[in-house]
Amino acid sequence: MVDAETDRDPDLAVIEAGSRTLRTQAGPPRGDQVPRRPADPEVDKALREVEQELAGRWGETKLEPSVSRITALMDVLGEPQRAYPSIHITGTNGKTSTARMIEALLGAFELRTGRYTSPHVQSVTERISLDGAPIDAERFIATYRDVKPYVDMVDTAQEYRLSFFEVLTGMAYAAFADAPVDVAVVEVGMGGSWDATNVIDGSVAVVTPIDLDHTDRLGTTAAEIAGEKAGIIKQGATVILAQQPVDAAQVMLKRAVEVDATVAREGMEFGVASREVAVGGQLLTLRGLGGEYEEVFLPLHGAHQAHNAAVALAAVEAFFGIGAEHARTLDAETVRSAFASVVSPGRLEVVRRSPTVVLDAAHNPAGARAAAEGVTESFGFSRLVGVVGTSADKDVKAVLEAFEPIFTEIVVTQNSSHRAMDADELAAIAVEVFGDERVVVEPRLDDALEAAITLAEEEAEYSGAGVLVTGSVITVGEARLLLGRD
């Protein structure tokens, strides 16, 4: 793992310049909690310097599986992660959306929140949020400068320097203590046991659906992966367990018994009682730990987001002691208001109309299947053109197979990351899945978007055709910039 490829933050200078044609067509950007570059040139310069220093460290694909370095950093920082209670989230898919829903619910009940999620869609500052919004560039820079002397101390004392992700984790925990927050909502980076975030003692441990991903690091079966992720379950915690493969659930339940944790299972103690597609999202009845919540509008698409909502609700109920100390529900109107405010950039996100362009950060087979089902259910396109750029270390063929039934044509491309699969290599796999006639190759992402939009507009299908951009968080982030969502 130590020798794995180093890369996370590509140089987006060319992408940020964008395509004038695409920007003009896209129209003005809407507010979406994805930060813009700082308007002040001096602040922007300082942020780029911080980004460059962070990028010089081990990236998120290069790991030495231990918490020794982050533990040392927390020690010299004075254990900031102990200053507030935490909700800790692991799983394979749905972590960020679930974290955003939990954050919205806690904020609606007038708690000051800190949220730490990864990876980011466009700006590294997205990863650390206070009160439901990413910290501004000035605060991000100040936090980095505050912790840097301590990071340097740890670097000199350890066999390996702190990684990109470890430094950001330390920054988040310090920022939350400094705010201060009432509760932190923390998403693991990868796995659980040895993830850098796992120096907190989450009173609530959330496990979103487990599937095969990062198999070279976490294991080749759902049970093995669950064994790593179960490491976030701490003594006496409450575990909110989404629907899982049987062998993964067994591992989680065994861990819960070992540490005397209480378990609430989706489909048993809580779940989705009903759902129907609505304009702009879906209307849900959620069964929480304390009772039912009817007419909950969620402005996100796909059955998977409804299940994420059920998990988020149960997590917040558990945090407030509902289902254990208290047999009651949360205030239903407050719950409805919170869910109605949720946004999750890059998750079946509509960024343009005529033709409709949807972005989804699906990067593994399970995520691709969920995205394909969500698009089919919510949009009903007469023709759907895919724009796909993936990382080379993913199960790319299985991802493409998930999208094959819904794509009329596929435009294969690549993002600017060094981890990106070469467009020609991706095209060869796509031809196996789609056949030669349905595959178009455009190595540049801006050209790929133009080609897909042109295909979607052909044959007088302008109003019923769409484009889905997917395959990687980085691909989606760069597409957002090109489409004017900066």
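**Exercise 1. An aromatic pair.** Given that phenylalanine 403 and phenylalanine 407 are both buried, determine which kind of aromatic pair they form.

*Solution.* The model under study is predicted.
Step 1. By the pairing rule, the count comes to 8 aromatic pairs.
Step 2. In the pair of phenylalanine 403 and phenylalanine 407, the ring centres are 5.1 Å apart and the planes make an angle of 10°.
Step 3. Planes under 30 degrees apart count as stacked, and the pair of phenylalanine 403 and phenylalanine 407 is therefore stacked.
Step 4. A further aromatic group is the cluster formed by Phe109, Phe319 and Phe320.

**Exercise 2. The surroundings of threonine 125.** State whether threonine 125 is buried or exposed, and describe its contacts.

*Solution.* Step 1. Threonine 125 is located in the loop between β2 (113-116) and β3 (128-130).
Step 2. Its relative accessibility is 2%. Because buried means under 20%, threonine 125 counts as buried.
Step 3. The side chains of threonine 125 and serine 123 make a polar contact of 2.8 Å.
Step 4. When neighbours within four places in sequence are left aside, threonine 125 is in contact with Pro35, Leu47, Pro134, Ile135 and Phe140.

**Exercise 3. The position of glutamate 425.** Classify the exposure of glutamate 425 and locate this residue in the structure.

*Solution.* Step 1. Glutamate 425 belongs to helix α15, which comprises residues 423-434.
Step 2. Its relative accessibility is 44%. Since a value between 20% and 50% counts as partly exposed, glutamate 425 is placed in that class.
Step 3. Threonine 413 is 12 residues from glutamate 425 in sequence, and their C-alpha atoms are 9.9 Å apart in space.

**Exercise 4. An open sheet.** Identify which strands stand at the edges of the sheet of 6 strands, and explain why one side of each is left without a neighbour.

*Solution.* Step 1. The strand order of this open sheet is β12-β13-β17-β14-β15-β16, with mixed pairing.
Step 2. The edges are occupied by β12 (349-352) and β16 (439-441). Each has a single partner strand, so one side of each has no neighbour in the sheet.
Step 3. From one strand to the next, the twist averages 25°.
Step 4. Strands of a sheet pair through backbone hydrogen bonds, in a parallel or an antiparallel sense. For β12 and β13 (residues 356-359), the pairing is antiparallel over 3 bridges. Arginine 352 has valine 357 in β13 as its bridge partner.
Step 5. Helix α16 (residues 445-456) packs on the sheet and touches β12, β13, β14 (383-388), β15 (409-412), β16 and β17 (465-470). The direction of helix α16 makes about 175° with that of β14.

**Exercise 5. Backbone exceptions.** Find which residue is joined to proline 119 by a cis peptide bond, which is joined to proline 180 in this way, and where aspartate 131 and serine 354 lie.

*Solution.* Step 1. Most residues other than glycine have a negative phi, and most peptide bonds are trans.
Step 2. Serine 118 is joined to proline 119 by a cis bond with omega about -10°; proline 119 lies in the loop between β2 and β3.
Step 3. Alanine 179 is joined to proline 180 by a cis bond with omega about -15°. Proline 180 lies in the loop between α7 (164-178) and β5 (183-187).
Step 4. Aspartate 131 has a positive phi of about 55°. This residue is in the loop between β3 and β4 (133-134) and is partly exposed, at 46% relative accessible area.
Step 5. Serine 354 has a positive phi near 60°. This residue lies in the loop between β12 and β13 and is partly exposed, at 41% relative accessible area.

Terms used. Residues numbered from 1 in each chain as written. Predicted model: local features only at pLDDT ≥ 70, side-chain atom pairs only at ≥ 80, totals over all residues. Heavy atoms only, no water. Helix = DSSP H or I, 4+ residues; strand = E, 2+ residues; numbered from the N terminus. Buried < 20%, exposed > 50% of the residue type's maximum accessible area, 1.4 Å probe, protein only. Polar contact = N/O pair within 3.5 Å; in protein donor to acceptor, adjacent residues only side chain to side chain. Contact = heavy atoms within 4.5 Å. Pairing = 2+ DSSP bridges. Axes fitted to C-alpha atoms, helices over the stretch in contact; angles between N-to-C directions. Phe/Tyr/Trp six-rings, centres within 6.5 Å; stacked < 30°, edge-to-face > 60°.
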